[in-house]
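Visitor: Please take a close look at one part of this model, the protein surface around the bound DNA strand, and then set that part beside a few elements of the fold. I would like one connected account.

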Amino acid sequence: MRSGRGDDTLNRNTLQRRPMTIEELSGLPPGAVSHFRDEGIEALYPPQAEAVEVGALEGENLVAAVPTASGKTMIAALSMLSAVARGGKALYIVPLRALASEKQAEFEAYEEFGVTTGVTTGNYESTSDWLATKDIVVATSEKVDSLVRNGASWLSELTCVVSDEVHLIDDRNRGPTLEVTLAKLRRLNPGMQVVALSATVGNAGEIADWLDASLVDTDWRPIDLRMGVHYGNALNFDDGSTREVPVEGTEKQEAALVRDILQEGGSSLVFVNSRRNAEAAARRLGGVSSHELAEDERTDLADLAAEIRDDSDTETSTDLADCVERGSAFHHAGLSATQRSLVEDAFRDRLLKVISATPTLAAGVNTPARRVVVRDWRRFDPSAGGMAPLDVLEIHQMMGRAGRPGLDPYGEAVLLAKSHDESQELFDRYVWADPEAVRSKLAAEPALRTHVLATIASGFARTREGLLEFLEATLYASQSSEAGRLERVTDDVLAYLERNDFIERAPSGGSDRSSEPPREREGAEGGDDATSAFTAAADLADDAGTDEELEATSLGHTVSRLYLDPMSAAEIVHGLEGADERPTALGLYQLISRTPDMYELYLRSGEDETFGELYYERERELLGDAPSEFEESRFEDWLAALKTGKLLEDWADETDEETITERYKIGPGDLRGKVDTAEWLLGAAESLAREIDSEWTVAVREARARVEHGVGEELLELVSVSGVGRKRARRLYEAGIEVPADLRTADKGVVLGVLKGEKTATNILENAGREDPSMDGVEPIDPGTGTVTDTSDTSGVEPESSGKPDESDESQSSLGDF
DNA sequence: GGAAACAGGGTTTAGACAGCATGTC
DNA sequence: CTAAACCCTGTTTCC
């Protein structure tokens, strides 16, 4: 830990001053100060005061590198509110969708004094025009990137942009997006204030230089954080103090630590390195927490467990619910979004006593605990050939979750050691260590592939020189020691894009290519303001007329707007163009599953054989050229994509959630994620098919509709009725109701017998447009037997009229039956 | 004879953004 | 190049 950095004079001065009260702040909208006072905020934390001193309220650029839960959001809020008070508009960029909702909930309160907030993520969108009227917009970095690509007009009205967790620029996959997006927003709005919020990192100064910003860099926290290592029966802290925490009998260290703090009324968070470990630890720790529960807590926990079981019918859910009943929970990306927030909320409400989590939790929404136990500090990393130690930054993020402001006297973060040597190593490696520096990953080819295309397509650069000049404004350029590397990779990428018909090069000098009219205006939703602003930005970049011109093709524009990795687009286009007959659903599912935009499903041992067989069985359905069986790794990728494709086909064949999660050994959250990505990619594939005039557009649309609703072809019409999902649609179909129109004429008794519940049935009939949807006095008819409880009208009901044999019992039993 | 305990080898391993147009059981 | 938990299987042990 970096205590007392001597070079930070500002910091030292501020800490010794009397606290700055919120009444001293000027430049905020009327009513803001009293709002904060009502919230119980009287004085600013020292880092916040420091931010104000360097001009946060006057539109000055600022990098705040401070620990989690030290009031970073307040720094952002003050900057944004003062920008709004000056008549401006602010954007708050977050790394996760869950954080977007968290921030919105926080900023919504500003409506009280007339400052409005809107959110936009891939999931949820307040319409674009509506966003233009909001004072503050919250969005994920990818969404902002997409808005830039699509030319949202209000972006050029921004006067303040906040980038939360800016250290994620270091992330190989998603960092470059944030980096490029910030550079574009700055070019678009030269006078705009930039506020970057970061965890404490090794090179905050470098980031500040890049953004022309003042730096607030401090370790200050509102509650003390003690870091320590537990070894044997003792817990040794960084301040030299020691606490006896005996490990009894066969119990694990973490169990002793959780029990110890629970007896003082404190909850804990245990970080482990795999999902399975998280689940196993949660089960074991349930034994600890269940001893310390009050009667009313048991009742509440039982309710929570019921909610969890209700959300999804899978083994993961059952296991989680069983743990929750005992006051313990696990948390990882295999959980559904609902389950995750149920667990997080219950933990914040102190109902759950302990969560065992993978690192997801450290990066996500705020879930502070009295004690944080970091059990595993190494994680499997194929690139390292085995277990690799976690970054200091990552461990510090986990440890930073310790201590709940206002509830705990202090927070404790504990690492576990099994030997004296390991204890020493942990102190050196993590407790006393500074976090790593943030390094830009922009020069990686996959990142450049997509951003170079987008930069050209949205008019930020029109020549190779202009492109390189734009890239000069990124963090990568300011960090790069290896001159020419970026240029070299850029040239490779340009060649790739040209080869795949995404861009065209032409000699400059205003040659009039009538075949391909300029497309800058494409997709500019907000009219001329946006277009002119974007064009101006491009003009700024292009000074030379000597260079050859770069222009996105029509296809290139589409790819950029669809937010696809060009390589994914190329794969899809190639696959569709090569199809001689109508592609099957499986063919399309495998196609999108092998694009880099689909997260890979891992091929387990023995599965290469299973899927090899499936491959030979259904080889003809697959699109494009299969790699030879002798190219081992490429063939394995092909089979892994087939596995993912098969999962999607199972889903679209109405296999139930439980069977799929068990068959592919995944959690409900993973299944939802796969389906979601497939839906997006097939939507994009449909646009591409239209763009290249493919004759298979309809096949793609149908395959997309089938994953979206998880139903067979014959149910697609039924699920378009609001309130009818995959299960209800199948039951209706089997009762002879095959299309929405049938709902308008069908016997009400049959409908009620199928749908169970008068309210649902009435509702659905109403949505189908039935004139008299009321179910008053209707007796349900059992769809299985066709027998009536009371009435005698059974005409027109054919229970087994399905075009698709009842699959439910078969799919239950046929494990591994691919 | 059969169930329970144990040993040894094999297997597995974190995370989740985006288009578009609206809503499961 | 570095680990550890869990599962499955086969064996031993104990009643």
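Guide: For the classes used below, Ala, Val, Leu, Ile, Met, Phe, Trp, Tyr, Cys and Pro count as nonpolar, Asp, Glu, Lys and Arg as charged, and the others, Gly among them, as polar. A residue is taken as near the strand if one of its heavy atoms lies within 4 Å of it. The model is a predicted one, and every value that follows is computed from it.

By class, the surface near DNA strand B is made up of 16 charged, 15 polar and nine nonpolar residues. Of the 40 residues around the strand, those that come nearest are G122, A333, Y599, G725 and R726. Seen from the side of the DNA, 53% of the atoms of strand B within 4 Å of the protein belong to sugar or phosphate, while the rest belong to bases.

Several arginines have polar atoms beside the phosphates. For R726, a polar backbone atom is 2.5 Å from a phosphate oxygen of DNA strand B, and for R275 a backbone N or O atom lies 2.8 Å from a phosphate oxygen of that strand. In R604 the atom concerned is a polar one of the side chain, which lies 3.0 Å from a phosphate oxygen of DNA strand B. The elements that give two or more residues to this surface are α7 (141-149), α11 (275-289), β15 (378-381), α23 (554-562), α29 (668-691) and α31 (726-734). Among these, α29 gives the most, with five residues.

Turning to the fold, one may begin with helix α27, which comprises residues 632-652, 21 in number, and reaches 30 Å from its first C-alpha to its last, close to the 30 Å expected at 1.5 Å a residue. Because 16 of its 21 residues are buried, α27 is largely enclosed by the rest of the structure. Just after this helix, E654 takes a positive phi of about 70°.

There is also an open sheet, in which seven strands follow the order β3-β4-β2-β5-β6-β1-β7 with parallel pairing. Its edge strands, β3 (117-120) and β7 (214-217), each pair on one side only, and the twist from one strand to the next averages 15°. Within the sheet, strand β1 (residues 62-65) pairs in the parallel sense with strand β6 (residues 193-198) over four bridges, and A64 stands opposite L197 in β6.

Key. Residues numbered from 1 in each chain as written. Chains lettered and ligands numbered in written order. Predicted model: local features only at pLDDT ≥ 70, side-chain atom pairs only at ≥ 80, totals over all residues. Heavy atoms only, no water. Polar contact = N/O pair within 3.5 Å; in protein donor to acceptor, adjacent residues only side chain to side chain. Expected span 1.5 Å × (residues − 1). Buried < 20%, exposed > 50% of the residue type's maximum accessible area, 1.4 Å probe, protein only. Pairing = 2+ DSSP bridges. Axes fitted to C-alpha atoms, helices over the stretch in contact; angles between N-to-C directions.
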